[in-house]
Amino acid sequence: TIDGQPYDLSSLKGKKVLVVNTASKCGNTPQYTQLEELYKKYGGDQFTIIGFPANNFGSQEPGTNEEIKQFCSLNYGITFQMMAKISVKGKDIAPLYKWLTSKDENGVMDAPVKWNFQKFMIDESGDLAGMVPPGEKPDSDKIVNWIEGKQH
């Protein structure tokens, strides 16, 4: 976690999970507002959000974990789980993002991270259910319908 505590991703089994790579100095940073609203509305036993700060695009997440945590709390009142800063592309890509972005790994699609705030939807069984591009808002119909189970 962003606090340096271990986090067992298997504890999320049975929940829909929205995984988002975040950055504090990006044009998409205001999406934190919609992410927090989604989490307040739907978060709980059925759904959660996990944010992964990453400095892969335009050096838009230069801060330390403590600085990122403070930024999210003070500016956006973030209460969903934020993780320690990772890499979401390249040679040092985190294992979770290797799985999310490679069809060879996830069996569904190749979805390389294009920019900050790309959103991955993981279903209750831990399978990749889809991806929403960075510029599309977290409260888009695609994401809300998926959370509410209206997606076919």
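Two strands count as paired once DSSP finds at least two bridges between them. That cut-off matters right away here, since strand E2 is joined to strand E3 (residues 81-82) by 2 bridges, with the two strands running parallel. Keep in mind as we go that this is a predicted model.

Let's start with the sheet as a whole. It is an open sheet of 5 strands, ordered E3-E2-E1-E4-E5, and its pairing is mixed. At the edges sit E3 and strand E5 (128-132), each of which pairs on one side only. Strands of a sheet pair through backbone hydrogen bonds, and they can do so in a parallel or an antiparallel way.

Now walk across the sheet, starting from the E3 side. Between E2 and E3, Ile 50 has Gln 81 as its bridge partner. Ile 50 also turns up on the E1 side, where Val 19 has Ile 50 as its bridge partner in E2. The E1 and E2 pairing is parallel and runs over 7 bridges, with E1 covering residues 16-22. Val 20 of that pairing stands opposite Gly 51 in E2.

Go one strand further and the sense flips: E1 and strand E4 (residues 119-122) are antiparallel, with 4 bridges between them. Here Val 20 shows up again, with Lys 119 as its bridge partner in E4. Another position to check is Val 17, whose bridge partner in E4 is Ile 122.

How does the chain get from strand to strand? From E1 it goes by way of helix H1 (residues 31-42) to E2, and the three make a right-handed β-α-β unit. A further β-α-β crossover leads from E2 through helix H2 (residues 65-76) to E3, and this one is right-handed too.

Helix H1 is also worth a look for its packing. The antiparallel E1 and E4 pair, with its 4 bridges, belongs to the sheet that H1 packs on: the helix touches E1, E2, E3 and E4, and its direction makes about 155° with that of E2.

What about burial in the middle of the sheet? In strand E2 (residues 47-53), 7 of the 7 residues are buried, so the strand is largely enclosed by the rest of the structure. Both of its faces are covered: one side has Phe 47, Ile 49, Gly 51 and Pro 53, the other has Thr 48, Ile 50 and Phe 52, and all of these are buried. E1 is mostly covered as well, with 7 of its 7 residues buried. On one side of E1 you'll find Lys 16, Leu 18, Val 20 and Thr 22, and on the other Val 17, Val 19 and Asn 21, all of them buried.

Next come the aromatic rings, which form 8 pairs in this structure. Take Phe 47 and Trp 146: their ring centres are 6.4 Å apart and their planes meet at 80°, so the pair is edge-to-face. Phe 47 belongs to strand E2 and Trp 146 to helix H5 (residues 141-147), so this pair ties together parts 99 residues apart in sequence. Phe 47 counts as buried at 1% relative accessibility, and Trp 146 is buried with a relative accessible area of 5%.

A second edge-to-face pair is made by Phe 52 and Tyr 97, at 5.8 Å centre to centre and with 80° between the planes. This pair also links distant parts of the chain, with Phe 52 in strand E2 and Tyr 97 in helix H3 (residues 95-101), 45 residues apart. Phe 52 is buried at a relative accessible area of 7%, while Tyr 97 counts as buried at 0%.

Two more aromatic details round this out. Tyr 32, Phe 71, Tyr 76 and Phe 117 form one aromatic cluster. Over at Trp 146, Lys 16 lies over the face of the ring, 5.5 Å from its centre. Recall that Lys 16 is among the buried residues of E1.

Finally, which residues does Glu 105 touch, once those up to four places away in sequence are left out? They are Lys 98 and Trp 99. Glu 105 lies in helix H4 (residues 103-106). Its relative accessible area is 39%, which makes Glu 105 partly exposed, since buried means under 20% and exposed means over 50%.

Technical notes:
Residues are numbered from 1 along each chain as its sequence is written. This is a predicted model: local features need pLDDT of at least 70, side-chain atom pairs count only at pLDDT 80 or more; totals for chains, interfaces and linings use all residues. Side-chain values use heavy atoms; hydrogens and water are left out. Buried means under 20% relative accessible area, exposed over 50%, partly exposed in between (1.4 Å probe, protein chains only). A crossover is right-handed if, with the strands pointing away from the viewer, the path from the first strand over the helix to the second runs clockwise. Contact means heavy atoms within 4.5 Å. Rings of Phe, Tyr and Trp (its six-membered ring) pair if their centres lie within 6.5 Å; planes under 30 degrees apart count as stacked, over 60 as edge-to-face and the rest as tilted. A charge sits over a ring if NZ of Lys or CZ of Arg is within 6 Å of the ring centre and within 35 degrees of the ring normal. Axes are lines fitted to C-alpha atoms, for helices over the stretch in contact, and angles run from 0 to 180 degrees between N-to-C directions.
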